[in-house]
Amino acid sequence: MPMLELNRLTPLTGFGRAHRAVSYLFRPTHVEQISAVFDLARKHGMSVTLRGAGRSYGDAATNAGQIVLDLQRMNRILAWNPETGVIRVEPGVTIRQLWEYTLEDGWWPAVVPGTMAPTVGGCLAMNVHGKNNYRAGTFGEHVKKFTALLPDGSTVTCSPRRNRELFYSLISGIGVLGVFTSITLQLKRVHSGELQVEAWAPPNLGAMIADMEARKDSDDYIVGWIDGMAGGRQLGRGQIHSANYLPPGEDPAPHRTLRPEHQNLPDTLLGIVPTSILWRLMAPWMNNPGTRLVNWGKYLASRLGEHKIYRQPHAAFHFLLDYIPNWIRSYGPDGLIQFQSFVPTARAEATFARMLALTQARRLPSYLVVIKRHRPDDFLLSHAVDGYSLAMDFKITRRNRARLQSLCDDLTQMVLDAGGRFYFAKDSTLSPAAARQYLGEETVTRFLELKRRLDPENLLQSDLYRRLFGG
Ligand SMILES: Cc1cc2nc3c(=O)[nH]c(=O)nc-3n(C[C@H](O)[C@H](O)[C@H](O)COP(=O)(O)OP(=O)(O)OC[C@H]3O[C@@H](n4cnc5c(N)ncnc54)[C@H](O)[C@@H]3O)c2cc1C
């Protein structure tokens, strides 16, 4: 049995690098080793946080001064049926591993987030969504069943019919109810390694939302980039990308486009600049005047290419941010936070307009703003609504931390007033009261009752859990 040796102490951060914590890190390869770490934690009166690839922006996968179980080495593919597209995997298998394994047989994960680095376990705990949330639902909606190790050492198998309550709670349960140890997913049949993509540039927020609304019943994926610097009548201007799967027979060479090599993101820009150094070239522009100029150029270029239609490999469409390795470093040593909120359709335009205007009035504009369409789901700690999400990245500096928290508090209130919701994978600034308000008393009570039932010793915790639910 391992001891809590000092050399296990490891500094860890959330993806945004703004939240840092030192923890005793364990990297199990088998379920028995997870149980052993649970015993060890009990013996030392410590808590345990589960961690996948650490791609949550804030404090969901950190545990200051306590134990962290990094599950990335539990990354075996356990079973694959190329006829049905059903795959069984360990929790540390990443989104990248998934599609690299299955695409050649004509299957793609039904839901993927904006980066391929996350693990399947992390995607379940946050119940991630993709650019098709309004159509395909969340990651959890494509899980046929999972097995989880509960903190008391017992094992449970759950599906939408078997142990239903646990199925709908552990998925979305922020990793504090149990450990996913094996997951069975239904993948999506694709007939090409490419999507048909269309891009155009709405001149303001009203047009952006109207266009997305008009396309939601016909298009498989929609996502909008917003120029967070543009104000006045151009507030909310930006670019929409919509994409559709190709029907059978449309791709003249599916055997070629379905090969994983066809999906590889280029490692040079325009065949000249290595993508590995791009973050260094971006860094000098990561300030208000620099971003204003870059956004202006990007918007102008989008207008010139109005309603451009082209084909793009799945990976290139979905994982735009993975094109630029270490892009987060361009934000500087203090990193960034993301503020993502979800607002029902009827209130989305007015609420997002006020929020964008407030960021500009406070001179804390977001350097990256993304808008997506969503639909509600049945999972306990759900973040989605029948409406839109706005994700805003804010650069942190030593001087702006307090002003940024105050801005986020005011943005939070606007979202709550509009009946909106938040997402724990992205959160760094919510208060316990705000979390309670958007989730509702009944949901919080159910969650905490379940937590007490499954984990009476409160073994599974995280910095996020303690911040919002008191630990
Ligand atoms: C560039 C970028 C783009 C993104 N785009 C999107 C997007 O489009 N849509 C979206 O929904 N999200 C998006 N995300 C967020 C990301 O998908 C989620 O934070 C996801 O949960 C990260 O998975 P991970 O493996 O890194 O898990 P971590 O961040 O390490 O952990 C996330 C949670 O999972 C828990 N956990 C991990 N493994 C297990 C397990 N085996 N059993 C139980 N609990 C476990 C942890 O305790 C923690 O609560 C994005 C993140 C980045 C960095």
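## Exercises on a predicted model

Asn127 sits in the loop between H3 and helix H4 (133–136). The model in which it is found is predicted.

**Exercise 1.** Decide whether Asn127 is buried or exposed, and state what phi shows in this residue.

Solution.
- Step 1. The relative accessible area of Asn127 is 2%.
- Step 2. A residue counts as buried under 20%.
- Step 3. Asn127 is therefore buried.
- Step 4. Phi of Asn127 is near 50°, which is a positive value in a residue other than glycine.

**Exercise 2.** Do the exercise again for Arg363: find where it lies in the chain, give its phi, and decide whether it is buried or exposed.

Solution.
- Step 1. Arg363 belongs to the loop between helix H12 (345–361) and strand S19 (368–373).
- Step 2. Phi of Arg363 is positive, about 60°, although the residue is not a glycine.
- Step 3. The relative accessibility of Arg363 is 66%, and the cut-off for exposed is over 50%.
- Step 4. Arg363 therefore counts as exposed.

**Exercise 3.** Describe the surroundings of the ligand, beginning with the residues that come nearest.

Solution.
- Step 1. There are 35 residues around the ligand, and Leu50, Arg55, Ser56, Thr119 and Tyr423 come nearest.
- Step 2. Sorted by class, the shell holds 20 nonpolar, 11 polar and four charged residues.
- Step 3. Next come contacts with the backbone. An oxygen atom of the ligand is 2.8 Å from a polar backbone atom of Gly52. For Gly122, a polar backbone atom is 2.9 Å from an oxygen atom of the ligand. For Ile174, the distance from a backbone N or O atom to a ligand oxygen atom is 3.1 Å.
- Step 4. The ligand taken alone exposes 980 Å², of which the protein buries 98%.
- Step 5. Strand S3 (48–51), helix H3 (120–126) and strand S10 (179–186) are the elements that give two or more residues to the shell. H3 gives the most, with four residues.

**Exercise 4.** Locate Thr119 and say which residues it touches.

Solution.
- Step 1. Thr119 is placed in the loop between strand S7 (107–108) and H3.
- Step 2. Its relative accessible area is 3%, so Thr119 is buried.
- Step 3. Leaving out residues up to four places away in sequence, Thr119 touches Gly52, Ala53, Gln72, Pro91, Gly92, Val93 and Thr94.

**Exercise 5.** Which domains does the domain assignment give, and how many residues does each of domain 1 and domain 2 bring to their contact?

Solution.
- Step 1. The assignment gives domain 1 (6–72 + 450–469), domain 2 (77–189) and domain 3 (194–433).
- Step 2. The C-alpha centres of domain 1 and domain 2 are 20 Å apart.
- Step 3. Their contact takes 25 residues from domain 1 and 21 residues from domain 2.

Key. Residues numbered from 1 in each chain as written. Predicted model: local features only at pLDDT ≥ 70, side-chain atom pairs only at ≥ 80, totals over all residues. Heavy atoms only, no water. Near = heavy atom within 4 Å. Polar contact = N/O pair within 3.5 Å; in protein donor to acceptor, adjacent residues only side chain to side chain. Areas by Shrake-Rupley, 256 points an atom, 1.4 Å probe, with all protein chains shown as cover. Nonpolar A, V, L, I, M, F, W, Y, C, P; charged D, E, K, R; others polar. Buried < 20%, exposed > 50% of the residue type's maximum accessible area, 1.4 Å probe, protein only. Contact = heavy atoms within 4.5 Å. Domains from an automatic or database assignment.
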